[in-house]
Amino acid sequence: MRKTSSIFLALSLACSLNLAGQAAYRDLNNNGKKDLYEDTQAPIAQRVEDLLSRLSLEQKAGLVVGMGMTIPGFSKAEKPEKVPGAAGSTYDIPGLGVPGIVLADGPAGLRIVPVRDSSSGKTYYCTAFPIATLLASSWDTGLVEEVGKAMGREVKEYGVDILLAPGMNIHRDPLSGRNFEYYSEDPFLSGYMAAAMVNGIESNGVGTSIKHFVANNQETNRMLVNVVAGERALREIYLRGFEIAVKEAQPWTVMSSYNKVNGPYTSQNGELLNTILREEWGFRGLVMTDWFAGNDPVAQMRAGNDLIMPGNPKQRKAILEAVEKGELDESILDENVSRILAVVLQSPAFEGYEYSDAPALIAHAALARRAAAEGAVLLKNDDALPLSPAAGKIAAFGNASYEFIAGGTGSGDVNEAYTVALVEGLEKAGRPVDPQVKAVYEKYIEGEKAKQPKKQFFFELTPPIPEMPVDRGLAAAKARETDIAFITIGRNSGELQDRKEEGDFYLTQAEKEMIKAVADAFHNEGKKVVVILNIGNVIETASWRDWADAIVLAWQGGQEAGHAVADVVLGKVSPSGKLPTSFPISYDDVPSARNFPGEELPGAEEEKISFFTMGKPSEVAYEEGIYVGYRYYETFGVETSFPFGYGLSYTSFSYKNLKLDSDKFDGALTASIDIVNTGKTAGKEAVQLYLSAPAGSLHKPAMELKGFAKTRLMQPGEKQTLTITIGEKELASFSPGRNAWIAEPGTYTVKIGASSEDIRGEATFTLENEIVVEKVNPVLLPGRKIEEMVPASTKQ
């Protein structure tokens, strides 16, 4: 123990002296006079140009490659870690006072090592905020920005410069293992949620990295899969959210993804990184690889992928030799380096920020609790919630009632100090659960945990504890002795593997039998049953939802999830969350189910990078095209279990007086609507604006989300008028044949609703003449024909 402690103390001291030494060197070397690149008042472009002119070729090659990553038992960074547990750092140049900047995960909060010196008592825990899907369920960009601000403060106070977040890939398929890290099946909602998060985090003077750019929608063979997708699907679905985030927030960095898109790796695709991201969208930051992505560092430089992470000396050598041999123009390398320097020069590390290692964790926990409650979705409620004072005795069933899952695994995980489970949340709110049932579960869980194998790798997802069978005699006894039953279903997922249909998307037999046994027993006594879903991803609900009187979708609410759920079920918070992703009746109803996660190529063999498998070369064709999520269900008339945008409240709202500021479109159009709380409880309402476009040369979804707004907390009888403005881009569809975003003439229908299937008001306007909203480049073309899905009415 003492040896380990002394090592951590030595490393911390070395890092502190290194930072101080770099600042002192800059002062001593210039007799106190600053060079241009050190002058924070000078334009950043001039500072970068000055610093670039001072670099040797070797230093330039060093800057574009990271310093490795320490993974105990597997790999070690080239230099001692400034922040243990961070994902990596950049190359430093002490002679010029240029520090390495620290990059760390991830989307639900900062992930670093929480205990460095076990004898000191000092800890470095971070707040586990709710997962991205839950935050999107709030439909509240102000709340998301507030969470981002808190996240960014922890990043800065723990000595990190860039948070590798937010994740914003599309929920293409419910089996994708990392959906919990992402916001939605809809690019519009994803884009504005990500922009809010970026703006919040970066308000602290630290950076973000929106990821994974682009079409990284599966874990199976993620590092070797070639995504074959049509231009329109890429532009309207998979690129659109990133476009919104870039234009609305200008993040410091973008992270390219592991996969290939229509041939090349994304990190080696100049059409993606230079043509689309920089030329078309105006992105000004740097692009970094995902960790260990791609296979050609020189190609990555040419493609505009500026920083290779986590990096190794061989990659630096390859880039250096390529320049020396004339295979890589030094001017290209200079561009890559310049974009990195622009970030370094505005980083806390360069400014010598004295971080405290003591962020406001208590205040952030309170925010995490509030956010988790705001994003909880009430899926069903037959007079079961909120709990009445008469329902004083609660019987809690299900393993997850006692062991809540705060968030998913892998880089999206957070090392938090604690996680509050449902039972703890109820007990601290003065509503203890039945002690006999609690004792049975705690003994069972303790025994099953002892049987679990230890993690070999910190990204590893351990198998779930099998659901404890519920004896019908016990259920019957508790139905007589208590007033209401709570049943929690838990699910977890993460990096390196996708989910399975059986026992994951679908409930296990033991879970179904538990719900049925408890429901039968309590209903026989005239008592209610509430199911809590502590999940990070969509599951099947149609086969068992009728057994429950209420269903609360708590998602994975972070470390304060149990308190947040207690706030909701006890009525301290009226639920206002709405689904950012559809819940299908069956997995077979999902349009991507026909091809997810693709097929291995003939003769494919497994490939590895030192300590983990990359999978096998494979290909997946996005044959559903633009018909992802509700775009498919609404257009093709496929019923869902719970539709996109759906969520109940303890109160009710009326939608009145929908008005458009014009019946003809001329550059922009604003819709207004009065929302009235017509119930007996205070509450909030997330209002959605969908647009149905006229039939023209391009087939269109039946409706698409083009705006949203959320009311304040409204008292009974209170009215609030909401306004939502749409512009030309919201009217447009992408035409591959014309390489342009086109708004076709005709009559458009504005649909304002409480969900995609609950439209409360409609109004129309006309566009008299076609608008070519934007001409773009003919890039990212698929190398073969894709048999994409189209509505029957448009088939030739």
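The protein chain has 23 helices and 29 strands. These elements are DSSP runs, numbered from the N terminus, with helices (H or I) of at least four residues and strands (E) of at least two. The radius of gyration, taken over C-alpha atoms, is 27 Å. The globule rule (2.2 Å times the number of residues to the power 0.38) gives 28 Å for 796 residues, so the chain is as compact as a globular protein of that length. The model is predicted: local features need pLDDT of at least 70, side-chain atom pairs count only at pLDDT 80 or more, and totals for chains, interfaces and linings use all residues. Residues are numbered from 1 along each chain as its sequence is written, and side-chain values use heavy atoms, with hydrogens and water left out.

Along the principal axes, the C-alpha atoms fill a box of roughly 80 × 75 × 60 Å. Of the 796 residues, 62% count as buried. Buried means under 20% relative accessible area, exposed over 50%, and partly exposed in between, for a 1.4 Å probe and protein chains only. Contacts (heavy atoms within 4.5 Å) were counted at a separation of 6 or more, and residues 24 or more positions apart account for 78% of them.

Salt bridges were searched for in the whole structure, and 46 were found. A salt bridge is a side-chain nitrogen of Lys or Arg within 4 Å of a carboxyl oxygen of Asp or Glu. Arg111 pairs with Asp105 in this way, with the closest N and O atoms 2.5 Å apart. Both partners are covered. Arg111 is buried at 7% relative accessibility, and Asp105 is buried with a relative accessible area of 7%. Asp105 also precedes a cis peptide bond, the one to Gly106, with omega near 0°. Gly106 sits in the loop between strand E2 (102-104) and helix H4 (132-137).

A second pair joins Glu511 and Arg491, with the closest N and O atoms 2.8 Å apart. Glu511 belongs to helix H20 (residues 509-524), whereas Arg491 is in the loop between strand E11 (484-490) and helix H19 (501-505), so the salt bridge ties together parts that are 20 residues apart in sequence. Glu511 is buried at 5% relative accessibility. Arg491 is buried as well, with a relative accessible area of 8%. The loop between E11 and H19 also holds Leu496. Leu496 is not a glycine, yet its phi is positive, about 80°. At 35% relative accessibility, Leu496 is partly exposed.

Lys428 and Glu424 form a salt bridge of 2.8 Å, N to O. They are 4 residues apart in helix H16 (residues 422-428), and are therefore separated by about one helical turn. Lys428 is exposed at 58% relative accessibility. Glu424 is partly exposed, with a relative accessible area of 29%.

Salt bridges also link Arg240, Glu243, Lys247, Lys729, Glu730 and Glu774 in a network. Helix H8 (residues 240-249) is mostly covered, with 8 of its 10 residues buried. Among them are Arg240 and Glu243. Gln250 follows H8 and has a positive phi, near 45°.

The structure holds 7 cavities of 30 Å³ or more. A cavity is a set of points, on a 1 Å grid over the protein atoms alone, where a 1.4 Å probe fits but cannot get out. Points are joined across faces, edges and corners, and a volume is the space filled by probe spheres set on the points. The largest cavity has a volume of about 230 Å³. Its lining comprises 22 residues, and Tyr258, Asp290, Trp291, Phe459 and Glu495 lie nearest its centre. Lining residues have an atom within 4 Å of a point. They divide into 14 nonpolar, 2 polar and 6 charged. Ala, Val, Leu, Ile, Met, Phe, Trp, Tyr, Cys and Pro count as nonpolar, Asp, Glu, Lys and Arg as charged, and the others, Gly among them, as polar.

Further backbone features lie in loops. Most residues other than glycine have a negative phi, and most peptide bonds are trans. The bond from Phe213 to Val214 is cis, with omega near 10°. Val214 is in the loop between strand E4 (207-213) and strand E5 (225-228). Asp383, not a glycine, has a positive phi of about 55°. Asp383 lies in the loop between strand E9 (377-381) and strand E10 (394-397), and is exposed, with a relative accessible area of 73%.

Terms used. 1 Å grid on protein atoms, 1.4 Å probe; cavity = no way out; pocket = protein on both sides within 12 Å on 5 of 7 lines; lining within 4 Å.
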